[in-house]
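Me: Can you take me through this protein step by step? I would like short answers with the reasoning shown.

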Amino acid sequence: MSCEKMETRILAYVDGRLKESERAEMEKHLVGCSACGLRVNEFRAVAGLLDELPVIEPSGAFNARVRALVAAETQKRSGWLAWFTPSPRVAFVASMLLLATVWMGSMQRPAPPIDAQDLPVVESSDYDVISSFAPLSDLSQAPDDDSNDSDNGQQQQQPQQM
């Protein structure tokens, strides 16, 4: 067995939780490797010191207090109002997105350049429709419908006044 495998199984070996075949393989490795043997002895010493410490028994109400705290914690998180309370991470990400949006929106982008082949079309006076209103002068004036409506309304009111 390699020392790397030994490292992962030392605690189980000291506690006596290894299978018989694994334990025999560990002991075989420990005979030839003094570094791993020292490590096992250190773990046994720590385990012995821990066994000497007095066992602290919790009070009778300890279990009830822990259960009450756990029950109170789950009630706080399971309410429908908990969905509306933002976490600090969500607030940070939202503020960074807002900041990036404002920054990107405030940047002025230059107008795209006009291709050399499109310049004659843009500079041509044939396409300047706004400079010449000659086609609009030929249109005849349409009669004003509002003026006829106001005359009819006055004529209808006159017979009523008599």
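The questions below go from the overall fold to single side chains.

Me: What kind of model is this, and how many helices and strands does the protein have?
Reply: This is a predicted model. Read along the sequence, the pattern is α-α-α-α-α-α-α-α. No strand appears in the count, which comes to zero strands and eight helices.

Me: What share of the protein's residues counts as buried?
Reply: A residue is buried when its relative accessible area is under 20%. The protein has 162 residues. Of these, the buried share is 8%.

Me: How much accessible surface does the protein have, and what part of it belongs to carbon and sulfur atoms?
Reply: The accessible surface of the protein is about 14,900 Å². Carbon and sulfur atoms account for a share of that surface, and the share is 60%.

Me: Among contacts between residues at least 6 apart in sequence, what percentage joins residues at least 24 apart?
Reply: A contact needs heavy atoms within 4.5 Å. Take the contacts between residues at least 6 apart in sequence. Those that join residues at least 24 apart make up 50%.

Me: Which helix gives the most residues to the largest nonpolar core?
Reply: The largest nonpolar core has 11 residues: Met6, Ile10, Ala12, Tyr13, Val14, Leu18, Met26, Leu30, Cys33, Cys36 and Val40. Three helices, α1 (3-15), α2 (20-32) and α3, each supply at least two residues of this core. With five residues, the top contributor is α1.

Me: What tends to happen to nonpolar side chains in soluble globular proteins?
Reply: The general trend concerns where such side chains end up. In soluble globular proteins, nonpolar side chains tend to be buried together.

Me: Is cysteine 36 buried or exposed, and which residues does it touch?
Reply: The relative accessible area of cysteine 36 is 4%, so cysteine 36 is buried. Leave out residues up to four places away in sequence. The residues that cysteine 36 then touches are Cys3, Met6, His29 and Leu30.

Me: Why do cysteine 33 and cysteine 36 not form a bond, and how many disulfides are counted?
Reply: A disulfide needs two cysteine sulfur atoms within 2.5 Å. The closest cysteine sulfur to that of cysteine 33 is in cysteine 36, but it is 3.5 Å away, too far for a bond. Cysteine 33 is also buried, at 13% relative accessibility. The number of disulfides is zero.

Me: Which nonpolar residues form a patch on the surface, and what is their accessible area together?
Reply: The patch is made of Phe92, Val93, Met96, Leu97 and Leu99. Phenylalanine 92 sits in helix α5 (residues 88-106). Its relative accessible area is 53%, so phenylalanine 92 is exposed. Together the patch residues have an accessible area of about 520 Å².

Me: How many salt bridges are counted?
Reply: A salt bridge needs a side-chain nitrogen of Lys or Arg within 4 Å of a carboxyl oxygen of Asp or Glu. The side chains of aspartate 15 and arginine 17 meet this way, at 3.5 Å from N to O. Aspartate 15 is partly exposed at 45%, while arginine 17 is exposed at 57%. The count of salt bridges is four.

Me: Which helices hold glutamate 7 and arginine 39?
Reply: The side chains of glutamate 7 and arginine 39 form a salt bridge, 3.4 Å from N to O. Glutamate 7 is partly exposed at 43%, and arginine 39 is partly exposed at 34%. The pair ties together parts 32 residues apart in sequence, because glutamate 7 is in helix α1 and arginine 39 is in helix α3.

Me: Which residues do salt bridges with shared partners join into one network?
Reply: Arginine 23 pairs with glutamate 27, with the closest N and O atoms 2.9 Å apart. These two are four residues apart in helix α2, so about one helical turn separates them. Salt bridges that share partners make one network of Glu20, Arg23 and Glu27.

Me: How far apart are the C-alpha atoms of alanine 47 and aspartate 15?
Reply: Alanine 47 is in helix α3 (residues 34-52). Its relative accessible area is 26%, so alanine 47 is partly exposed. Alanine 47 and aspartate 15 are 32 residues apart along the chain. Their C-alpha atoms are separated by 8.6 Å.

How values were computed. Residues are numbered from 1 along each chain as its sequence is written. This is a predicted model: local features need pLDDT of at least 70, side-chain atom pairs count only at pLDDT 80 or more; totals for chains, interfaces and linings use all residues. Side-chain values use heavy atoms; hydrogens and water are left out. Buried means under 20% relative accessible area, exposed over 50%, partly exposed in between (1.4 Å probe, protein chains only). Accessible areas come from the Shrake-Rupley method with a 1.4 Å probe; for residues, only the protein chains shown count as cover. Patches are made of residues with over 30% relative accessible area and no salt bridge: like charges are joined within 9 Å, nonpolar side chains (Val, Leu, Ile, Met, Phe, Trp, Tyr) within 5 Å. A nonpolar core is a set of buried Ala, Val, Leu, Ile, Met, Phe, Trp, Tyr and Cys residues joined through side-chain atoms within 4.5 Å.
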